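Let's take a quick tour of a ligand and the protein residues around it. Have the structure open while you read.

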Amino acid sequence: MQANATPADPPVQALPPLRIDYARAPVADVLRDGDVLAVFEFGTHVSAPADPRHVHVALDAIGPAQLEVWRGSQAVTCGREGMLRWSSDDHYLFFAIEVDEAPFGGPEHAAEHAYREIGRLLDGFRFVSGGRAHVLRFWNYLDAINEGDGDDERYRHFCSGRARGIDSASRNGFPAATAIGRHDGRRLLQVYGLGARLAGTAIENPRQVSAWRYPREYGPSPPTFARATRTHAGQLLVSGTAAVIGHASQHAGDTAAQIEETLNNVDVLLATAEGSSVPAAGASLVLKAYVRDPADAAAVDSGIRVRHPALGGLLVLVGDICRRELRVEIDGVHGPVRAQATDAQARPGS
Ligand code: 3EB
C-alpha cells in the first residue's frame with residue numbers, strides 16, 4: 001500500500017485524530033453510535049447522565065448547539081471505577097470525575113482528591129497494546145469560582161489542591177487545561193480529560209509567562225497547565241486562553257479589546273505549534289468560547305468569525321473566568337478535526 005510513497009506523502013499517522021463536533025440532538029441518539037467516546041451536554045436544565053460517556057455541565061449555551069461529541073475511530077468500551085467514568089477506543093482514553101465538595105470541606109481538598117483518583121486510573125489503565133495513557137488535556141468546572149477574596153478565592157483553593165494531586169496525571173509534564181466557573185449553586189467539582197496511547201508535546205505562548213511560573217500575587221500555588229498540547233495526530237489542543245500578556249490581564253472592562261487580545265494569543269499558539277511540526281493537511285479550527293456576561297456573546301461570536309471565517313465549529317457558553325477582570329476565554333482544537341484517518345489513508349492522492 002505504501003509502495004509508491006514519496007517523501008511528499010504525509011507519514012501514516014500512528015494516532016488517528018480525535019473527531020470533535022458540536023450538535024443539537026437527543027443525547028440518547030448520539031450515545032447509540034459505537035464510536036462515541038464522550039458527549040458533553042451543556043445547559044442549566046436538569047439532566048442525570050446514566051451512561052459513563054455522558055457528562056452534563058451546567059453552563060448555558062448560546063445558539064443552537066448544546067452538545068460536544070468526541071468520536072474515536074474504533075469500537076469504544078467504557079466503564080466506571082468508584083467516582084470515575086472512562087471510555088476508550090484503544091487510541092484515546094476519556095475520563096471524568098465529579099466530586100462533591102462538602103465531605104472535603106471545599107474545592108481544595110476536592111480537587112486534590114479528584115486528581116489523585118484520575119492518577120490512580122491512569123496508573124492502572126493499559127491499552128490493548130499494553131501501553132499506558134498519557135494525558136493530553138484537562139477541563140475543570142466548579143461553582144462560584146471567584147467567590148472569596150485574595151488567597152481565599154475558590155479558584156486559588158482549587159489550584160492548590162490540583163497542584164498537590166496532579167503528580168500521577170502529569171508524568172509527561174503539565175497538559176493543556178481549562179478551568180471555568182458555573183453558577184448553579186451545586187458545590188460539585190467536575191474534572192474530565194483526554195489521554196492517548198502516545199504522549200503529546202506541551203506548547204507555551206511566547207507572549208505569556210507560563211502559568212506554572214505565575215508570580216505569588218496570583219495565589220499560593222500557580223496553575224498547573226500548559227498553554228497547549230500538540231498530539232501525535234497533528235492536533236493542537238489549545239488551553240483556555242484569555243487576554244493575558246506576560247502574566248497580567250489586559251483591557252479590564254473592555255470586552256471587544258479582550259476578544260481581540262485573546263484571539264491574538266490563540267493565533268500565536270497556532271503559529272508556535274506549527275513552527276515545531278508539519279502543519280496537518282485539511283486542518284480546521286473548532287473553538288469553544290466562555291463569556292462571563294451573556295450580553296457579550298454576540299460580540300464574541302462575530303469577533304471569532306471575522307478572524308476565522310472558515311471556522312469548523314463554535315460553541316459559546318456562559319461561564320465565569322478564573323480572574324474577575326477577564327470577560328472572555330477561548331479554548332479549542334486545531335488540526336484534522338473532522339477527517340477520518342481511514343479515509344485519508346485509503347485515498348492518499350485525493
Ligand atoms: C490564564 O491565562 C487564564 O487553571 O486550568 C486558563 C486556562 C486559565 C486554564 C487553569 C486557567 C486555567 O491564566 C486562566
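Keep in mind that this is a predicted model. The shell of residues around the ligand splits into 8 nonpolar, 2 polar and 3 charged. Of those 13 residues, Tyr155, Arg162, Tyr214, Arg227 and Cys322 come nearest to the ligand.

**Who touches the ligand**

- Start with Tyr155: one of its polar side-chain atoms is 2.5 Å from a ligand oxygen.
- Arg162 has a polar side-chain atom 2.7 Å from an oxygen atom of the ligand.
- For Arg227, the distance between a side-chain N or O atom and a ligand oxygen is 2.9 Å.
- How much of the ligand's surface does the protein bury? On its own the ligand would expose 360 Å², and the protein covers 99% of that.

**Where the shell comes from**

- Helix H3 (154–165) and strand E10 (176–182) each chip in at least two residues to the shell.
- E10 is the top contributor to the shell, with 3 residues.

**The pocket it sits in**

- The ligand fills the space of the second largest pocket, which has a volume of about 380 Å³.
- This pocket has 25 lining residues, and Tyr155, Tyr214, Cys322, Arg323 and Leu326 lie nearest its centre.
- H3, E10 and strand E14 (236–241) are the elements giving two or more residues to that lining.
- Which element gives the largest share of the pocket lining? That's H3, with 4 residues.
- By type, the lining of this pocket breaks down into 12 nonpolar, 5 polar and 8 charged residues.

How values were computed: Residues numbered from 1 in each chain as written. Predicted model: local features only at pLDDT ≥ 70, side-chain atom pairs only at ≥ 80, totals over all residues. Heavy atoms only, no water. Near = heavy atom within 4 Å. Polar contact = N/O pair within 3.5 Å; in protein donor to acceptor, adjacent residues only side chain to side chain. Areas by Shrake-Rupley, 256 points an atom, 1.4 Å probe, with all protein chains shown as cover. 1 Å grid on protein atoms, 1.4 Å probe; cavity = no way out; pocket = protein on both sides within 12 Å on 5 of 7 lines; lining within 4 Å. Sits in = over half its atoms within 2 Å of the grid points. Nonpolar A, V, L, I, M, F, W, Y, C, P; charged D, E, K, R; others polar. Points joined across faces, edges and corners; volume = space filled by probe spheres on them.
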